[in-house]
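Here is a short set of exercises to work through with the structure open beside you. Try each task before reading its solution.

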Amino acid sequence: YKLSVSPEMDIMEYCRKEWRGNTPTAKKMRKGYEAVAQKFASIRRIRGDNYCAFRATLFQALSQATQLPRWLQSEDFTMLPENLLSRYDWIKQWRLRQKPGKRMGEISDEIKEYLILLRKKWKNISEIKGSLEKQEACDKLFKNEEEEYSLYEALKFLMLNTAIELYNADKSGRRVPVFSWLLFARDTSSNPCQLMHNHLNHIGHSGGLEQVEMFLLAYALQYTIQVYRLYKYSTDEFITLYPNDPEEDWPVVTLITEDDRHYNIPVRMCQETML
């Protein structure tokens, strides 16, 4: 049994264990970790199974949540699958995670269940006052495989909904963020239907999130995802923000990656040294 989110470990101790050699890459990684260690004391490893970007982002968002995001409060949030399916027949080809021994119901009912679970868990965890208790609740949630993967299904569906909104906004001449053009400029995702078939349906099965899909995830959650990209140390892209022009009131979560494929999370922010 693999832990979804491993216990915390000193960040530099982790780095020394992982990057021992004297190759240029190892030196660069050590420098990158040293820079992260200026801000964070520890690291938690995230289980790598093509869901790690979801897992890292959601874990960080929940572990610092103090209220339910506005989009989760809306009345028609759980009606989303029904509303979208009534307008876009192709969503019936959404690939649901097969649960052993459970017969699949209507696709909209299944996804509705996942959305209700996401709202419930977010609400419960955000209402916990003590930071230790909040952390324990997150650890417990990410040990429950059934619930954990259901939450990722909810996130994927929210990404599809966001993609449809952006695509329609662009077609009707409204301003959309630059990443939206990039998302639909790919041969494999020139519209939301293709995005679903060629990308979203494969996340967690045969692939993780690509760079441009990190932007989509950030927009779907209305969170800024700040990533330390260690292999980009000493370039402008060492700390990358998704989206790069975030809304001021979006909360920020921080992740670490060595290769843009696997993500871990830094924890325990160091007390900022007074200048």
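**Exercise 1. A glutamate in a helix**

Is Glu 153 buried or exposed? Find the helix that holds Glu 153 and list its contacts beyond the neighbours in sequence.

Solution. Keep in mind that this is a predicted model.
- Step 1: Glu 153 belongs to helix H8.
- Step 2: the cut-off for buried is under 20% relative accessible area. Glu 153 has a relative accessibility of 1%, so it counts as buried.
- Step 3: leaving out residues up to four places away in sequence, Glu 153 touches Tyr 51, Trp 94, Arg 95, Leu 96, Arg 97 and Tyr 114.

**Exercise 2. The nonpolar cores**

Which residues have the most contacts inside the largest nonpolar core, and which helix gives the most to it?

Solution.
- Step 1: the largest nonpolar core has 76 residues, and Ile 91, Trp 94, Leu 118 and Trp 122 have the most contacts inside it.
- Step 2: helix H8, residues 145-171, gives the most to this core, with 13 residues.
- Step 3: take Leu 118 as a case. Neighbours within four places in sequence aside, its contacts are Leu 58, Trp 71, Leu 72, Phe 77, Leu 151, Ala 154, Leu 155 and Leu 158.
- Step 4: another core, of 13 residues, lies apart from the largest one; Ile 11, Phe 40, Ile 43 and Ile 256 are among its members.

As background, nonpolar side chains in soluble globular proteins tend to be buried together.

**Exercise 3. Nonpolar residues on the surface**

Which residues make a nonpolar surface patch of about 330 Å²?

Solution.
- Step 1: the patch is made by Val 178, Trp 181 and Leu 182.
- Step 2: place Trp 181 in helix H9, which covers residues 178-185.

**Exercise 4. Helix H11**

How many of the 11 residues of helix H11 are buried? Then look at the residue just after H11.

Solution.
- Step 1: H11 spans residues 211-221, and 10 of its 11 residues are buried, so this helix is largely enclosed by the rest of the structure.
- Step 2: the buried residues of H11 include Glu 213, Met 214, Phe 215 and Tyr 219.
- Step 3: just after H11 comes Gln 222, with a positive phi of about 55°.

**Exercise 5. Backbone exceptions**

Most residues other than glycine have a negative phi, and most peptide bonds are trans. Where are Asn 50, Ser 234 and Pro 243 placed?

Solution.
- Step 1: Asn 50 lies in the loop between strand E2 (40-44) and helix H3 (52-63). Its phi is positive, about 75°, and its relative accessible area of 31% makes Asn 50 partly exposed.
- Step 2: Ser 234 is in the loop between strand E3 (224-229) and E4. Phi of Ser 234 is near 70°, and at 62% relative accessibility Ser 234 is exposed.
- Step 3: Pro 243 sits in the loop between strand E4 (239-242) and strand E5 (252-257). The peptide bond from Tyr 242 to Pro 243 is cis, with omega near -10°.

**Exercise 6. The whole chain**

How many helices and strands does the protein chain have, and what is its radius of gyration?

Solution.
- Step 1: count 11 helices and 6 strands.
- Step 2: the radius of gyration is 19 Å, close to the 19 Å from the globule rule for 275 residues, so the protein chain is as compact as a globular protein of that length.
- Step 3: buried residues make up 51% of the 275 residues.
- Step 4: of the contacts between residues at least 6 apart in sequence, 73% join residues at least 24 apart.

Conventions
Residues numbered from 1 in each chain as written. Predicted model: local features only at pLDDT ≥ 70, side-chain atom pairs only at ≥ 80, totals over all residues. Heavy atoms only, no water. Core = buried A, V, L, I, M, F, W, Y, C linked by side-chain atoms within 4.5 Å. Buried < 20%, exposed > 50% of the residue type's maximum accessible area, 1.4 Å probe, protein only. Helix = DSSP H or I, 4+ residues; strand = E, 2+ residues; numbered from the N terminus. Contact = heavy atoms within 4.5 Å. Patch = residues over 30% accessible without salt bridge, like charges linked within 9 Å, V, L, I, M, F, W, Y side chains within 5 Å. Areas by Shrake-Rupley, 256 points an atom, 1.4 Å probe, with all protein chains shown as cover. Salt bridge = Lys/Arg side-chain N within 4 Å of Asp/Glu carboxyl O. Rg over C-alpha atoms; globule rule 2.2 N^0.38 Å.
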